[in-house]
Amino acid sequence: SLKNTRVMGCCASKPESSAASLGGVRNQITKKNIHSRVQNWKSTGVVSLRDCSLTHIPPETGELESVKTLDATNNRIADIPESLFESVGANIQRLVLRKNALKTLDFMFVHLTRLKVLDVSFNSIESIDWKLMSTHAQKLKILNASHNRLKEVDLEQLGKMEMLEDVDVSGNAKLERLGSSCDTTDDGSKASSSTPNATTTGEEEVRKWPNLTMFAATKCNIHSISRIFLPPKLKTLLLDDNPHLKLLPRDLFQKCLLLQRVSLHNCQSIDIKSIEKMNGYSAFLEKVQQSHDKKIKGGVLLGSGYGDDGLDRRTRGGDERLDGLKIS
């Protein structure tokens with residue numbers, strides 16, 4: 001019986017969107033077809049539950065031992081019994097739960113020790129146990145938690161995940177800060193025991209976010225970003241549509257030497273003068289222009305107004321691009 005087991009999410013929660021598509025009605029799992037489906041899941045290692053109008057994941061799934069992919073996209077799942085992942089979780093590498101009605105992510109990470117891809121976008125998630133995630137899901141490479149109701153993203157815990165490459169937390173309208181509640185930003189906000197002038201050692205910086213190359217947090221309500229968020233291999237940082245964001249980590253351009261693109265569309269509170277004063281900004285512009293020139297010579301940008309690289313600050317009222325070619 002699953003009555004007394006802990007569950008992920010909230011039984012009373014409602015899905016963000018309407019019921020699964022009409023195609024889901026034709027794709028419903030029944031007592032008549034569940035046996036054949038289980039046999040197929042066993043032979044392929046892929047549990048496909050997309051568009052099935054499900055309110056829960058079939059308990060038969062938990063009896064499988066060699067599942068590598070579980071995809072339950074576009075259903076009405078509001079909770080998941082812990083017992084499900086106790087047996088099947090150890091081998092799962094790709095878990096897709098987008099477009100459901102989940103509210104929390106916590107205990108499941110204990111069992112997902114081989115997980116590489118996690119997509120929980122378009123749910124109603126208000127909290128994620130970042131510490132459990134960083135402790136147990138150490139092989140995670142791609143995390144998509146966009147379009148939820150997150151209020152905080154603990155970058156400190158994410159920084160401990162050595163294989164993490166791609167993070168997307170866009171579309172969380174309640175998300176006001178990127179960082180744990182105990183660290184500081186360059187304006188000294190959310191100060192803790194560490195002072196605004198405190199710096200991390202080179203060894204500490206290398207240890208955090210060692211393989212992160214892309215981070216997206218567009219269409220949020222971000223006011224601040226932890227000053228220690230300096231992934232050494234970061235190439236793309238997308239922060240569009242955060243009108244209250246005033247500052248970037250001051251050493252972003254100096255420490256993130258592989259950085260190619262910073263997008264700040266509709267971030268009206270960002271002051272270009274503060275960006276120009278950031279450590280390493282001039283060198284960043286020079287690097288971007290050199291890259292742009294090479295692409296032009298190679299014919300890559302023929303017919304294109306701008307390259308993809310650089311600092312892009314386009315507002316609704318005009319077009320202002322700061323990419324080493326034009327500063328206005």
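Two strands pair if DSSP finds at least two bridges between them. The legends below use the word in this sense and describe a predicted model.

**Figure 1. An open sheet of 3 strands has parallel pairing.**
The order of the strands is S10-S12-S14. Strand S10 (152-153) and S14 stand at the edges, and each has a single partner strand, so one side of each is left without a neighbour in the sheet. Strand S12 covers residues 177-178 and is joined to S14 by 2 bridges. These two strands run parallel. Leu178 stands opposite Ile225, which belongs to S14. In general, strands of a sheet pair through backbone hydrogen bonds, and the pairing is either parallel or antiparallel.

**Figure 2. Trp209 and Phe229 form an aromatic pair.**
A pair of aromatic rings is described by the distance of the centres and the angle of the planes. A search of the whole structure finds 4 aromatic pairs. In the pair of Trp209 and Phe229, the ring centres are 5.3 Å apart and the angle between the planes is 85°. Planes over 60 degrees apart count as edge-to-face, so this pair of Trp209 and Phe229, at 85°, is edge-to-face. The pair links distant parts of the chain, 20 residues apart. Trp209 lies in the loop between helix H6 (202-207) and strand S13 (214-216), while Phe229 lies in the loop between strand S14 (224-225) and strand S15 (236-238). Both Trp209 and Phe229 are buried. Together with Phe215, they form one aromatic cluster.

**Figure 3. The largest cavity has a nonpolar lining.**
A search of the whole structure finds 1 cavity of 30 Å³ or more. The space in the largest cavity is about 40 Å³. Its lining includes Leu178 and Ile225, the residues that stand opposite each other in strands S12 and S14. Phe215 and Phe229 also line the cavity, and both belong to the aromatic cluster with Trp209. The other lining residues are Leu237, Leu239, Pro249 and Leu252. By type, the lining has 8 nonpolar residues, no polar and no charged ones.

**Figure 4. The largest nonpolar core has 78 residues.**
Leu95, Leu118, Met133, Leu158, Leu178, Phe215 and Leu264 touch the most other members of this core. Several helices each supply at least two residues of the core, among them helix H2 (34-44), helix H3 (82-88), helix H4 (130-136) and helix H9 (281-297). H9 gives the most to this core, with 4 residues. Leu178 and Phe215 also appear in the lining of the largest cavity.

**Figure 5. Ala78 is a buried loop residue.**
Ala78 is found in the loop between strand S3 (69-71) and strand S4 (79-81). Its relative accessible area is 7%. Buried means under 20% relative accessible area, so Ala78, at 7%, counts as buried. Ala78 and Lys103 are 25 residues apart in sequence, and their C-alpha atoms are 7.2 Å apart in space.

**Figure 6. Asp51 and Phe122 each have a positive phi.**
Most residues other than glycine have a negative phi. Asp51 is not a glycine, yet it has a positive phi of about 55°. Asp51 lies in the loop between strand S2 (46-48) and S3. At 24% relative accessibility, Asp51 counts as partly exposed. Phe122 is not a glycine either, and its phi is positive at about 55°. Phe122 is found in the loop between strand S7 (117-119) and strand S8 (127-128). Phe122 is also partly exposed, with a relative accessible area of 33%.

Note on methods. Residues are numbered from 1 along each chain as its sequence is written. This is a predicted model: local features need pLDDT of at least 70, side-chain atom pairs count only at pLDDT 80 or more; totals for chains, interfaces and linings use all residues. Side-chain values use heavy atoms; hydrogens and water are left out. Rings of Phe, Tyr and Trp (its six-membered ring) pair if their centres lie within 6.5 Å; planes under 30 degrees apart count as stacked, over 60 as edge-to-face and the rest as tilted. Buried means under 20% relative accessible area, exposed over 50%, partly exposed in between (1.4 Å probe, protein chains only). On a 1 Å grid over the protein atoms alone, a cavity is a set of points where a 1.4 Å probe fits but cannot get out, and a pocket is an open set with protein on both sides within 12 Å along at least five of seven lines; lining residues have an atom within 4 Å of a point. Grid points are joined across faces, edges and corners, and a volume is the space filled by probe spheres set on the points. Ala, Val, Leu, Ile, Met, Phe, Trp, Tyr, Cys and Pro count as nonpolar, Asp, Glu, Lys and Arg as charged, and the others, Gly among them, as polar. A nonpolar core is a set of buried Ala, Val, Leu, Ile, Met, Phe, Trp, Tyr and Cys residues joined through side-chain atoms within 4.5 Å.
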